[in-house]
Each structure stands twice: as structure tokens, then as C-alpha cells.
Amino acid sequence: MSDIRLDQTSTLSIEAIDAAGNAQPAAIDSAVWTNSNDAAGTLVATDLTAVFTPVALGESVVSVTANANGQPFSASITYTVTPALVVITGIRIVESITPA
């Protein structure tokens, strides 16, 4: 699971791994990307890469299926969309005048 703020984007790519989780060279093709919740974020995919852009608070699962060296595999990541980071840039005085 990964938290992502409304003011961020996530660029995703695919790599083949071995049983120990180490990246390995492989011919990867036929990638199909899906997004479980378009209300929480949009997904724009171009074959082996995709960009997830959050649009509202919520949760979304981005999944991909692809062939690596001719064998089918799948992977997914769950995003929890959180509010944008607020940067404090100063302070101000707020007055409240009441009758005497």
C-alpha cells in the first residue's frame, strides 16, 4: 500500500524479478493496465509505463498483467489518496469586535 497526496503523481513501470525479488533482464510485452477506482485517480498507460494521478480522496488499486519471456504475470499496487500538503506561509491577526 502506498499513500499519495492530491498534489502528486506516480509514474509506474514494469520490471521482471526472480524468486528473491531481484530485477532480471527479460523481454516484457503485452502489458494491460487497470485502475479499480477512477473516482480516486486517473491512469494513463502507454505499454510498459503508466501514470497515476489522484483526483479525490479514496483508495484505488492499479494492476498490470504482462508477458515476461513469454510467460504471463501480474502485479498491483494499492494507493490511498490523501489531502494535498498545505504549506504555511505566514500568520495573520483575526479580530472580533463586540459592542461595548
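**Exercise 1. Work out where L57 sits in this predicted model, and whether L57 is buried or exposed.**

Start with the secondary structure: L57 falls in the loop that runs between strand 7 and strand 8. Next, check the accessibility. L57 has a relative accessibility of 54%, and the cut-off for exposed is over 50%, so L57 counts as exposed.

Now look at who is around. Skipping neighbours within four places in sequence, L57 is in contact with L6, V81, T82 and P83. Take L6 from that list: L57 and L6 are 51 residues apart along the chain, yet 7.6 Å separates their C-alpha atoms.

**Exercise 2. Describe the setting of N35 and find the polar partners of its side chain.**

First, place the residue: N35 belongs to strand 5. Then its accessibility: the relative accessible area is 16%. Buried means under 20%, so N35 is buried.

For the polar partners, go through the side chain. One of its polar atoms lies 3.4 Å from the backbone nitrogen of N37. The side chain of D38 also joins in, through a polar contact of 3.1 Å with the side chain of N35.

Finally, the wider surroundings. Leaving out residues up to four places away in sequence, N35 touches G41, T42, L43, F52, S60, V61 and V62. Now turn to F52: its own list of contacts, with the same sequence filter, includes N35, G41, T42, L43, S60 and V62, and also Y79 and V81.

**Exercise 3. Find which residues have the most contacts inside the largest nonpolar core, and which strand gives the largest share of this core.**

Begin with the core itself, which has 15 residues; W33, F52, V62 and Y79 are the ones with the most contacts inside it. Then sort by strand: strand 5, strand 7 (49-54), strand 8 and strand 9 each put in at least two residues. Strand 8 provides the largest share, four residues. As background, nonpolar side chains tend to be buried together in soluble globular proteins.

**Exercise 4. Characterise the largest pocket: its volume, its lining and the strand that gives the most to that lining.**

The volume comes out at about 520 Å³. There are 23 lining residues, and I14, E15, F73, S74 and A75 are the closest to the pocket's centre. By type, the lining splits into 14 nonpolar residues, eight polar and one charged.

As for strands, at least two lining residues each come from strand 2 (10-13), strand 3 (16-17), strand 5 (28-35), strand 8 (58-68) and strand 9 (71-82). Strand 8 gives the most, with seven residues.

Definitions and conventions
Residues numbered from 1 in each chain as written. Predicted model: local features only at pLDDT ≥ 70, side-chain atom pairs only at ≥ 80, totals over all residues. Heavy atoms only, no water. 1 Å grid on protein atoms, 1.4 Å probe; cavity = no way out; pocket = protein on both sides within 12 Å on 5 of 7 lines; lining within 4 Å. Points joined across faces, edges and corners; volume = space filled by probe spheres on them. Nonpolar A, V, L, I, M, F, W, Y, C, P; charged D, E, K, R; others polar. Core = buried A, V, L, I, M, F, W, Y, C linked by side-chain atoms within 4.5 Å. Buried < 20%, exposed > 50% of the residue type's maximum accessible area, 1.4 Å probe, protein only. Contact = heavy atoms within 4.5 Å. Polar contact = N/O pair within 3.5 Å; in protein donor to acceptor, adjacent residues only side chain to side chain.
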